[in-house]
Amino acid sequence: MEKVDSLTSKTSANHKPGKGPLALLIATRKGAFILRGGKNRNKWKLSEPIFLGHMVHHIVQDPRDRQTILVACRTGHLGPTVFRSTDFGKTWAEAGTPPAFLKAAEGETGRVLDHVFWLTPGHASEPGVWYAGSSPQGLFRSEDGGANWEGVPGFNDHPMRPAWTGGASDGTPDGPKLHSILIDPRDPNHMYLGMSMGGVFESTDRGADWKPLNKGCAADFIPVPDPEYGHDPHCVRLHPLKPDRLYQQNHCGIYRMERDEGEWVRIGDNMPKDVGDIGFPMVVHPRDPDKAWVFPMDGTTVWPRTSPDGKPAAYVTRNAGKSWKRLDKGLPTKHAWLTVKRQAMAADTHQPLGIYFGTTSGEVWGSTNEGKKWESLARHLPHVYAVEVAEHLK
Amino acid sequence: MKVYVPSALRSYTGQKDEVEADGATLEEVLRELDGRYPGFRFRIIDEQDSIRPHIKIFVNYELASDLNIVLRGEDEISILLALSGG
């Protein structure tokens, strides 16, 4: 791995800008879609719906083989499952053993998986390994490209897990979630995850044990001062070139952590006061550890979770959170009461960087110049849950 | 015995709305169907062996509350998705 030592180091020879066509993998409340862009990230073409009627929480490409895509879904009636394609969406097969909790011993109450919420391809050195996070909070691993899944007992059976995760009603209205499963690119044993509710947790032994990592992060909805856990990270990101730098969009603001310091610093305090630093998604620049984007929402009064004042905008920091700049050119200037969910904002690796987001109102927006100007790429889709970028298409 | 399959599950049964299955209990019938149509059972029965919310299984005209119901060869099983959603 090429080391990035200083706070402002910018590039790595191992992370050259991407080229060529890419696609956006869009998960919605009523199915998935693939939005293919041309060579110059223009002429976007939307696929027919995939798994129409399914609540698709995440659709993710495997960057190690580029052809595998996993889809986490359920319907309103049918239970949760994972579908996989090994030919970039031409054909699909259901996982033989989808993620599920263990059956409880006689006389005990077991947990029931409501939905798979998050999918993360494993470390580059572990082809075929995937991780999944669920609601209620569970961690699952596949060793065969998503065909079969088992619970990670180091988390699911951890004696502190009930305390960390709280009850079924201690989380987001549609169920508490385990998300933001992050693998250190230097070491497949070093992992992080986020839980709403629960906080950020770290493992250094491939998930065999976990420790809370929430020092410095506010949890002002809990009466306990400086709790060790119980926080509400909405989206946690690790910088691929500087893996000891973490960013977090939390229920209580925007944070950055330098892992050796071990304490979250609230960089959202530098956001404009009339916008605030509440939101769901956060995206980092793959070659610049100092650049990150957020999409603020209204977190006042009863928490409408819509664009502040009906005026949607992304904000970028180019100095690791010391200052933020509004990016709204091309976006609606008023009466746009939309929300961008935690999985619904992503970046490609091109130069200049492309940023994309999907809205609860069924629109997909993109920028091919790091957010300086936005264009509508798709409209009239169902409520968008997630947007991921698929690159290096064969 | 006959098992009536709702439209949401016919992707598993090759679009058949009615299939034949054997078993002394509802559990055995669903296990047999899952062997023939992998994934079928978990979409309607959770990992604690409970019938999922919004799924109703009738044995003849009786609503089944669990999977231990004893069946006879002439029984008819109907799997229904409760009217809900939006």
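**Exercise 1.** How many bridges pair strand E9 with strand E10 of chain A, and in which sense, parallel or antiparallel?

*Solution.* The model is a predicted one, in which local features need pLDDT of at least 70, side-chain atom pairs count only at pLDDT 80 or more, and totals for chains, interfaces and linings use all residues. Residues are numbered from 1 along each chain as its sequence is written, and chains are lettered from A and ligands numbered from 1 in the order in which they are written. Strands are DSSP runs of E with at least two residues, numbered from the N terminus, and two of them pair if DSSP finds at least two bridges between them. Strand E9 (residues 130-135) and strand E10 (residues 139-142) of chain A pair over four bridges in the antiparallel sense. Within this pairing, A:Ala132 has A:Phe140 in E10(A) as its bridge partner.

**Exercise 2.** Place this pair in its sheet and find the edge strands.

*Solution.* The open sheet has four strands in the order E8-E9-E10-E11 (chain A), with antiparallel pairing. Strand E8 (115-121) and strand E11 (150-151) of chain A each have a single partner strand, so one side of each is left without a neighbour in the sheet.

**Exercise 3.** Describe the surroundings of A:Thr368.

*Solution.* Begin with the chain position: A:Thr368 lies in the loop between strand E26 (364-367) and strand E27 (375-378) of chain A. A residue is buried if 20 or more other C-beta atoms, placed from the backbone, lie within 10 Å of its own, exposed if 12 or fewer, and partly exposed in between; A:Thr368 has 20 such atoms and is therefore buried. Contact requires C-beta atoms, placed from the backbone, within 7 Å, and, leaving aside residues up to four places away in sequence, A:Thr368 touches A:Arg41, A:Pro352 and A:Gly354. Finally, the C-alpha atoms of A:Thr368 and A:Asn40 are separated by 9.1 Å, although these residues are 328 apart along the chain.

**Exercise 4.** Identify the best-connected members of the largest nonpolar core.

*Solution.* A nonpolar core is a set of buried Ala, Val, Leu, Ile, Met, Phe, Trp, Tyr and Cys residues joined through C-beta atoms within 7 Å. The largest core has 101 residues, of which A:Ile26, A:Val56, A:Val71, A:Ala72, A:Val364 and A:Val387 touch the most other members. Strand E28 (residues 384-390) of chain A gives the most to this core, with six residues. A second, separate core of 21 residues includes A:Leu113, B:Val29, B:Phe42 and B:Ile57.

Terms used
Contact = placed C-beta atoms within 7 Å.
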